[in-house]
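Q: Could you take me through one part of this fold in detail? I'd like to hear how the sheet, its charged side chains and the helix packed on it fit together.

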Amino acid sequence: MFRRDGPWDHRRIGTLFEGAAMFYRSSDILITSTHVVVLQPDPMRFHLEEIQSPYIVRHGRGAGFRAGHEIRARYGAADVRIFFTTSRSTFATVRRALIRALEQRGHPLPI
């Protein structure tokens, strides 16, 4: 299953995954060739090999809420949220990084 971690020392995060290719890094999420690490708001670590059937959920605008973009996937028996943002450009960048990481692992991608 996924692992809840935290709090992460952001200064050391790069050394935790030495030898892994880095596809994306921000204060919210880290995507490497071996893991997706959600740094905030709820720290979690997902092994890339165990992420199955990723898909996108778009949330419309509501009363006082901005539209949101979410990446979800099957992880073991659970349906999990990998990433969420209200920024279209951040979402596009994270989505592309996840696609590149999964492609490198040989996974076909529907997202």
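A: Here's a walk through the sheet first, then the salt bridges, then the helix and a tyrosine that touches it. Keep in mind that this is a predicted model.

Let's start with the sheet. It is open, built from three strands in the order E6-E7-E8, with antiparallel pairing. E6 (51-59) and E8 (78-85) are the edge strands: each has a single partner, so one side of each goes without a neighbour in the sheet. Going from one strand to the next, the twist averages 25 degrees. If you want to look at the E6 side of things, E7 covers residues 68-75 and is joined to E6 by seven bridges, the two running antiparallel. One pairing to click on is His 59, whose bridge partner in E7 is Gly 68.

Now for the charges. The model has three salt bridges, and Glu 70, Arg 72, Asp 79 and Arg 81 are linked in a network of them. Glu 70 is a good place to begin, since its side chain meets that of Arg 72 at 2.7 Å, N to O, and that of Arg 81 at 2.9 Å, N to O. The second of these links is a cross-strand one: Arg 81 sits in E8 and Glu 70 in E7, so the pair ties together parts 11 residues apart in sequence. Arg 72 also has a salt bridge to Asp 79, at 2.8 Å, N to O. You can therefore trace the network as a chain, from Arg 81 to Glu 70, on to Arg 72 and finally to Asp 79.

How buried or exposed are these four? Glu 70 has a relative accessibility of 3%, so it counts as buried. Arg 72 is buried too, with a relative accessible area of 18%, which falls under the 20% cut-off. Asp 79, in contrast, is partly exposed at 31%, and Arg 81 is partly exposed at 41%. So the middle of the chain, Glu 70 and Arg 72, is buried, while Asp 79 and Arg 81 at its ends are partly exposed.

On to the helix. H2 (residues 88-104) lies across E6, E7 and E8, and runs at about 25 degrees to E7. Its geometry checks out: at 1.5 Å a residue, its 17 residues should span 24 Å, and the end C-alpha atoms are 24 Å apart. The buried residues of H2 are Phe 91, Val 94, Ala 97, Leu 98, Ile 99, Ala 101 and Leu 102. An α-helix has 3.6 residues a turn, so residues three or four places apart point the same way. The cover over the buried residues of H2 includes the sheet strands E6, E7 and E8, along with E2, E3 (29-32) and E4 (35-38). Just after the helix, Gly 106 takes a positive phi of about 90 degrees.

E2 (residues 22-25) brings us to the tyrosine, because Tyr 24 lies in that strand. With a relative accessible area of 17%, Tyr 24 is buried. Leaving out residues up to four places away in sequence, Tyr 24 touches Ile 29, Leu 30 and Ile 31, and also Thr 90, Thr 93, Val 94 and Ala 97. Two of those contacts, Val 94 and Ala 97, are among the buried residues of H2. As for Thr 93, its C-alpha atom is 8.1 Å from that of Tyr 24, although the two are 69 residues apart along the chain.

Terms used:
Residues numbered from 1 in each chain as written. Predicted model: local features only at pLDDT ≥ 70, side-chain atom pairs only at ≥ 80, totals over all residues. Heavy atoms only, no water. Pairing = 2+ DSSP bridges. Helix = DSSP H or I, 4+ residues; strand = E, 2+ residues; numbered from the N terminus. Axes fitted to C-alpha atoms, helices over the stretch in contact; angles between N-to-C directions. Contact = heavy atoms within 4.5 Å. Buried < 20%, exposed > 50% of the residue type's maximum accessible area, 1.4 Å probe, protein only. Salt bridge = Lys/Arg side-chain N within 4 Å of Asp/Glu carboxyl O. Expected span 1.5 Å × (residues − 1).
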